[in-house]
Amino acid sequence: MTRNVIIDCDTGMDDAVALLLALRSPELNVLGITCVNGNVGLDHVVNNTLRVVEHSGKDVPVFAGHSTTLMHAGEEDAAAVHGKDGLGNLPFPAPKKTVEKEHAVDFIVRTIMEAKEPIDWITLGPMTNSAMAIRREPRIVDNVRMLTMMAGGVNAGNTSVMSEFNVYFDPEAARIVFDSRIPKTMVPLDPLWAGGILTEENLQTIKSAADRNSWCGMASQIFAKTLATMLELGRIRDDERRYVSPPDLLAVAVAIDNSIVELKDYQVFIETAGEYTRGMTVVDRRRFTHLGVDKDRQKVAVALAADQQKYSKLVLDTWLNS
Ligand code: BDR
Ligand code: CA
């Protein structure tokens, strides 16, 4: 059965391919895409998202949301990784499509409140819009089937030792979301280091459909750029493997079919005050959490490892056969 979904993102390179997967998936009906400041500033994010939607061959509304974080504005963006424009400065034409007038948070609240059945929600960026939506209308938490988030790291971070970019960028927002009762699946960095990759062979298959399908064309160009970066980084570690592991792509794949990853339920807390650990997802892996003070806190399904074969099959089948 097709599931209705809202996607919140800060469209950089991996958000872009993740959106292309969601938009082409027969399992998902994307009701709208909401944009948030993160990888790059909000204007770039909106522009990139519109370009991605056009390449997807689908017509889905795009909404602009928050351009600053909840409290500590001024965190460094991720332009060093995603390029100044957030899409690797690749020559994708300017969009013809325009952004909606409604604010992203209004769209999220309205859509969830009006939904006849609980809907799905995916976040691929900092959680500023999502936190604001929960604060604005706390009843939305009862009408979400599953919130799937690319967020956090169990064993390590990327932006700082223990903090992953999306949480690090706006920890107060992440805390509001993680403290809420919404059913949650967290796709952290860990499965990207354990099966959550696309091999060079997978990328060649996608490239072979580039002339036929505009979404494969866009994805191929993005992957080629990402592969070059991965090779450069790999050289530092004497790692010559040719692969990409876009975090947001895996998160959308998990939202489509969570059997592609190994999931374990944990209580997860967001650190907002630590000198070295601000933005850390504190995953309680003690054996006896039932003794903890927060013993009734809802657990989060955390993805720990991915099945590479199943993951790449899902992506390839979706893009080649849709
Ligand atoms: C996350 O941070 C961003 O740079 C990516 O788009 C992804 O959502 C990975 O840490
Ligand atoms: Ca992102």
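The exercises below, each with a worked solution, deal with a predicted model.

**Exercise 1. The shell around ligand 1**

Determine which residues come nearest to ligand 1 and which elements give two or more residues to the shell around it.

Solution. Begin with the residues themselves: there are 15 around ligand 1, and of these Gly12, Asp14, Ala78, Phe165 and Pro247 come nearest. Next, assign the shell to secondary structure, where the elements that give two or more residues are α1 (13–24), α6 (165–169) and α10 (247–256). Finally, sort the shell by class, which gives six nonpolar, five polar and four charged residues.

**Exercise 2. The packing of α1 and α10**

Describe how α1 and α10 pack, and state which residues of the two helices meet.

Solution. As a general starting point, two packed helices are described by the angle between their axes and the distance between the axes. For α1 and α10 the angle is about 25°, and the axes lie 7 Å apart. Because angles under 35 degrees count as roughly parallel, α1 is roughly parallel to α10. The crossing of the two helices, α1 and α10, is right-handed. On the α1 side the contact is made by Asp14, Asp15, Val17, Ala18, Leu21 and Ala22, which meet Pro247, Asp248, Leu249, Ala251, Val252 and Ala253 of α10. Divided by class, the residues of this contact between α1 and α10 comprise nine nonpolar, no polar and three charged.

**Exercise 3. The order and edges of the sheet**

Work out the strand order of the open sheet, and then explain why one side of β3 and of β9 is left without a neighbour.

Solution. Eight strands form the open sheet, in the order β3-β2-β1-β4-β5-β6-β12-β9, and their pairing is mixed. Since β3 (62–64) and β9 (261–266) stand at the edges and each has a single partner strand, one side of each is left without a neighbour in the sheet. Ignoring direction, neighbouring strands of this sheet are turned by 25° against each other on average. Turning to the β9 edge, β9 is joined by six bridges to strand β12 (residues 300–306), and the two run antiparallel. Within β9 and β12, Tyr266 stands opposite Val300 in β12.

**Exercise 4. Two further helix pairs**

Give the crossing angle and the handedness for α4 with α5 and for α8 with α9.

Solution. Take α4 (residues 104–114) and α5 (residues 128–136) to begin with: their axes come within 9 Å and cross at roughly 55°, which means that α4 is oblique to α5. The crossing in which α4 passes α5 is right-handed. Here Ala104, Val105, Ile108 and Val109 in α4 meet Asn129, Met132, Ala133 and Arg136 in α5, and the contact has six nonpolar, one polar and one charged residues.

Then take α8 (residues 200–207) and α9 (residues 214–236), whose axes come within 9 Å and cross at roughly 150°. The crossing of α8 and α9 is left-handed. The contact is built from Leu203, Ile206 and Lys207 of α8 together with Cys216, Ala219, Ser220, Phe223 and Leu227 of α9. By class, the residues of the contact of α8 with α9 divide into six nonpolar, one polar and one charged.

Methods: Residues numbered from 1 in each chain as written. Chains lettered and ligands numbered in written order. Predicted model: local features only at pLDDT ≥ 70, side-chain atom pairs only at ≥ 80, totals over all residues. Near = placed C-beta within 6 Å. Helix = DSSP H or I, 4+ residues; strand = E, 2+ residues; numbered from the N terminus. Nonpolar A, V, L, I, M, F, W, Y, C, P; charged D, E, K, R; others polar. Axes fitted to C-alpha atoms, helices over the stretch in contact; angles between N-to-C directions. Parallel < 35°, antiparallel > 145°, perpendicular 65-115°, else oblique. Left-handed = near helix turned anticlockwise from the far one by under 90°. Contact = placed C-beta atoms within 7 Å. Pairing = 2+ DSSP bridges.
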